[in-house]
Amino acid sequence: MDTHLHAHHDEVIGIKADAAARTHVSVERRQAMVREAAVDPNGFWGKEANRISWMVKPSKIKNTSFHDDVQIKWFEDGILNASVSCLDRHLEEGRGDRVAILWEGDDPSMDERVTYRELYNRVCRLGSAMRRLGIGKGDVVTIYMPMIVDAAVAMLACARIGAIHSVVFGGFSPDSLASRIQDGNSVALITADEGRRGGRSVPLKANADQALLECPTVKHVIVARNTDAPVNMHPGRDHWWATLARHADPVCQPEPMNAEDPMFILYTSGSTGKPKGVLHTTGGYMVWASFTHEVVFDYRPGEIYWCTADVGWVTGHTYIVYGPLANGATTLMFEGVPSYPDNSRFWQVVDKHQVNIFYTAPTAIRALMREGEKPVKRWRRDSLRLLGSVGEPINPEAWLWYYRVVGEERCPVVDTWWQTETGGILISPLPGSVAQKPGSATLPLPGVKPALVDNDGKLLEGATEGNLVITDSWPGQMRTVFGDHERFIQTYFSTFKGMYFTGDGARRDEDGYYWITGRVDDVINVAGHRMGTAEVESALVAHPKVAEAAVVGMPHEIKGQGIYCYVTLNAGEEPSDALLAELRNWVRREIGPIATPDAIQWAPGLPKTRSGKIMRRILRKIAANELDGLGDTSTLADPAVVDDLVANRVM
Ligand code: 6R9
C-alpha cells in the first residue's frame with residue numbers, strides 16, 4: 001500500500017459553523033444516539049425501525065450472537081416488503097410527483113426524470129410480468145445491466161415479488177457472469193441489448209448469451225432496449241422487457257416478506273479464488289440503508305443527491321437505490337464516466353442538475369486532481385453542500401483537494417468506511433457533529449462497536465494499530481454466504497473468536513479516530529474495486545503457456561493499488577512482448593477490464609518456503625520497489641530466486 005496513505009496528518013478541520021447550523025444531527029443529538037444505541041439497542045433500533053413501512057411491525061428487535069454458531073436476527077417477527085418503503089409509501093404520503101431517479105446519460109445530451117409514481121408503475125409492471133413467467137418468492141434473479149433506470153426498476157421489481165436479486169457488474173466477462181449465475185442457481189436473467197460508457201458500447205446481451213451456454217438453470221431472459229443495437233433473441237427463453245410490460249397487470253401486490261427473508265445476494269472477492277455470495281436480508285438491511293443515508297449525508301427532503309457508483313457494487317445498492325428511495329430522495333443515476341466527454345463532466349452534471357450531495361471514490365478524486373483545478377473551476381458547483389468518499393482509504397492530499405478545490409471549504413467531507421458485508425456505512429463522521437481529519441473515517445456510527453486486536457485476537461486499548469473487528473451486530477450486517485454458511489463462519493468469525501473480522505487493518509489515534517490502512521488479507525483494492533489476488537492468479541494459470549503465477553498489489557498513484565503479476569512459463573515457452581500482451585488480454589477476457597494487470601514480470605521461479613508456500617510478503621516488497629526491507633530470506637527453498645526477481649522487476 002502506498003506510503004502516503006499512512007502519512008500521519010494532524011490537521012483537524014473543525015465543525016464548520018455553517019454546516020453545523022444546517023445539519024440536524026447536532027453534537028448533542030449524536031452523543032444521545034450513541035449512548036442510547038449502546039445502552040438500549042432494542043429501544044433505539046425499535047424506534048429507528050419506524051423509518052420504513054411494515055405490514056406487521058416487529059416486536060422482537062435484536063437477537064444476535066457472534067459466538068459459537070453465530071446467530072444474527074433483527075426484527076425477526078416483522079413482515080414487510082422493501083419496495084413498499086421505496087415506492088407505495090411515497091405515493092400515499094403525497095410524494096408521487098417528486099423525482100425519484102434523475103438519470104444522466106453517458107451522452108451529455110441525454111437525461112430522464114422519473115417520478116416516484118412513474119417508478120412505481122414501471123416496477124409493478126415488471127413485477128407482474130415476472131410473476132406471470134412463474135418467478136416468485138425465494139427465486140434468484142441475476143441482473144446484468146448498464147447504469148440505466150431499468151437497472152433500479154429490475155432490482156425493485158425483484159424485491160416486490162420476493163425474488164432474490166443478484167446484480168452482476170456490467171463490466172464483468174461472460175465467464176464471471178456465468179460463475180455467479182451458477183453459484184446462485186438463478187432462474188432468470190435481466191439484461192439489456194448494450195450498455196454505454198465513455199462513448200463506447202458494452203455488448204451485454206452478447207456476453208449474456210455466451211455465459212448462458214453454461215447456465216441451464218436460467219429459464220427466462222428479460223432484455224431491455226437501450227442502444228437499439230441488434231441482438232439475438234433465443235425463442236422461448238428471451239423476452240423483450242417492453243413487450244412483457246405492455247401486457248402486464250399494472251397492479252402488483254407486494255410479497256409479504258419476513259424481516260429475515262433474503263433480499264439480495266452480491267458477490268464479492270475474498271482471499272480465495274471463488275467470489276462469495278454475500279447475502280442480505282430484508283428488515284435489517286432496509287433500516288440500515290435508510291438510517292445511514294439520512295444521518296451520514298444529512299439528507300433533507302427536496303435535495304438532489306448523487307452517488308457516482310455503479311449498481312453492480314454494494315455502494316450502488318445501498319446509496320443509489322435503497323437508502324435514497326426509502327428516504328424519498330431524488331437520486332441521480334449516471335451512466336457515464338468522469339472523463340467523458342472531458343474531465344469536467346462531474347462538475348458540469350453537478351451544475352446542470354443542481355446537485356447538493358455528492359458521493360464518489362478516492363480513485364476518481366485522484367484522477368481528477370491530476371488534471372488540475374481548471375476543469376473544476378469551469379463550473380460553479382455552488383449547489384454542493386456535502387461531499388462523500390468511499391471504496392478505499394483516501395490519502396490526505398486527495399481529501400484536502402476535494403475539500404478545498406471541489407467544495408471550496410464550504411462542504412464537510414464524509415469519508416465513509418464500510419464493506420459489501422456490512423450493508424451500509426459503519427465508520428464515518430456525521431456532518432456538523434464530528435470534527436474532520438483529512439484521511440480518517442473518524443468515528444463509528446451509533447450502534448457500531450469497532451475494536452482493534454493483535455494477531456492473537458487480544459483487544460488493544462488506546463492509540464494503537466491492529467486488525468479491525470466489530471464486536472457486536474448492527475442491523476445491516478450480512479447473514480450468510482449464499483449456499484455456504486460454513487464459509488461465512490470461517491471467513492468472518494473464526495480468525496478472532498466472538499468478533500466479526502473485517503479483513504482490514506486500522507490505526508486509532510488519541511481522539512479515538514479510526515484511520516483505515518487497507519486490507520490485511522490477499523484482497524487488493526484497485527480503483528475502488530475489490531479483487532482477490534487468487535482470482536487473477538487462477539485466470540493466469542488457466543492460460544496454456546503459464547505454469548505458475550503469483551499476484552500482489554503494488555502502489556498506484558491513481559488507482560490506489562495496481563495489479564502486479566509474477567508469471568512462470570511452462571518449460572520450453574519463451575517470454576516475449578507478444579505473450580505479455582496476450583496475457584493481459586487473457587485476464588481481461590477471463591474476469592473483465594477491471595482486472596487488467598498493470599505489470600507482468602517473468603519469473604523463472606517464485607520465492608517459496610521449504611514447504612512450498614509462496615512468500616507473498618517478499619513479492620509485495622519487490623513490486624513496491626522496497627528493496628531494502630526484504631527481510632529474512634534464509635528460510636526459502638532457493639534464496640537465489642529473490643535476486644533474480646529484484647534484478648528484473650518491471651516499472
Ligand atoms: C463499500 C465498499 C470494502 C473494502 C473495505 C476496505 C475498503 C471501503 C473505505 C475503505 C478505507 C474507506 N474501503 N471504504 N478503506 N476507507 N472509506 O467499498 O465495499 O467493495 O466490499 O470493499 O474497501 O478495505 O474492506 P467493498
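Helices and strands here are DSSP runs, numbered from the N terminus, with at least four residues for a helix (H or I) and at least two for a strand (E). With that settled, the model, which is a predicted one, can be walked through from its backbone oddities to its ligand site.

Take the loop between β17 (330-334) and α13 (345-353), where P341 sits. The peptide bond leading from Y340 into P341 is cis, with omega near -5°. Two other loops hold a backbone surprise of another kind. D68, in the loop between β1 (62-65) and β2 (71-74), has a positive phi, near 45°, although it is not a glycine. A527 does something similar in the loop between β27 (523-526) and β28 (529-532), with phi near 50°. As a rule, most residues other than glycine have a negative phi, and most peptide bonds are trans. D68 also counts as exposed, because its relative accessibility is 75%, and the cut-off for that label is over 50%.

Next comes an open sheet of five strands, in the order β22-β21-β23-β25-β26 and with antiparallel pairing. Its edges are β22 (459-460) and β26 (514-519), each of which pairs on one side only. For β26 the partner is β25 (residues 500-508), and the two run antiparallel over five bridges. One bridge in this pairing joins R508 to Y514 of β26.

Strand β26 turns up again at the ligand. There, 17 residues make up the surroundings, and the closest are D415, T416, T420, D504 and R530. Sorted by class, this shell has six nonpolar, six polar and five charged residues. Side-chain N or O atoms come up to ligand oxygens in several places: the distance is 2.6 Å for T420, 2.8 Å for D504 and 2.9 Å for R519. On its own the ligand has 530 Å² of accessible area, and the protein covers 96% of that. The elements giving two or more residues to the shell are α12 (314-326) and, once more, β26.

Finally, helix α21 (residues 640-647) has two contrasting sides. Its buried residues are V641, V642 and L645. These three share one side of α21 because they cover an arc of only 100° around the axis. The general background is that an α-helix has 3.6 residues a turn, so residues three or four places apart point the same way. On the other side of α21, D643 and A647 are exposed.

Methods:
Residues are numbered from 1 along each chain as its sequence is written. This is a predicted model: local features need pLDDT of at least 70, side-chain atom pairs count only at pLDDT 80 or more; totals for chains, interfaces and linings use all residues. Side-chain values use heavy atoms; hydrogens and water are left out. Two strands pair if DSSP finds at least two bridges between them. A residue is near a molecule or strand if one of its heavy atoms lies within 4 Å of it. A polar contact is a pair of N or O atoms within 3.5 Å; within protein, one must be able to donate a hydrogen and the other to accept it, and residues adjacent in sequence count only if both atoms are side-chain atoms. Accessible areas come from the Shrake-Rupley method with a 1.4 Å probe; for residues, only the protein chains shown count as cover. Ala, Val, Leu, Ile, Met, Phe, Trp, Tyr, Cys and Pro count as nonpolar, Asp, Glu, Lys and Arg as charged, and the others, Gly among them, as polar. Buried means under 20% relative accessible area, exposed over 50%, partly exposed in between (1.4 Å probe, protein chains only). The arc is that of the directions from the helix axis to the C-beta atoms.
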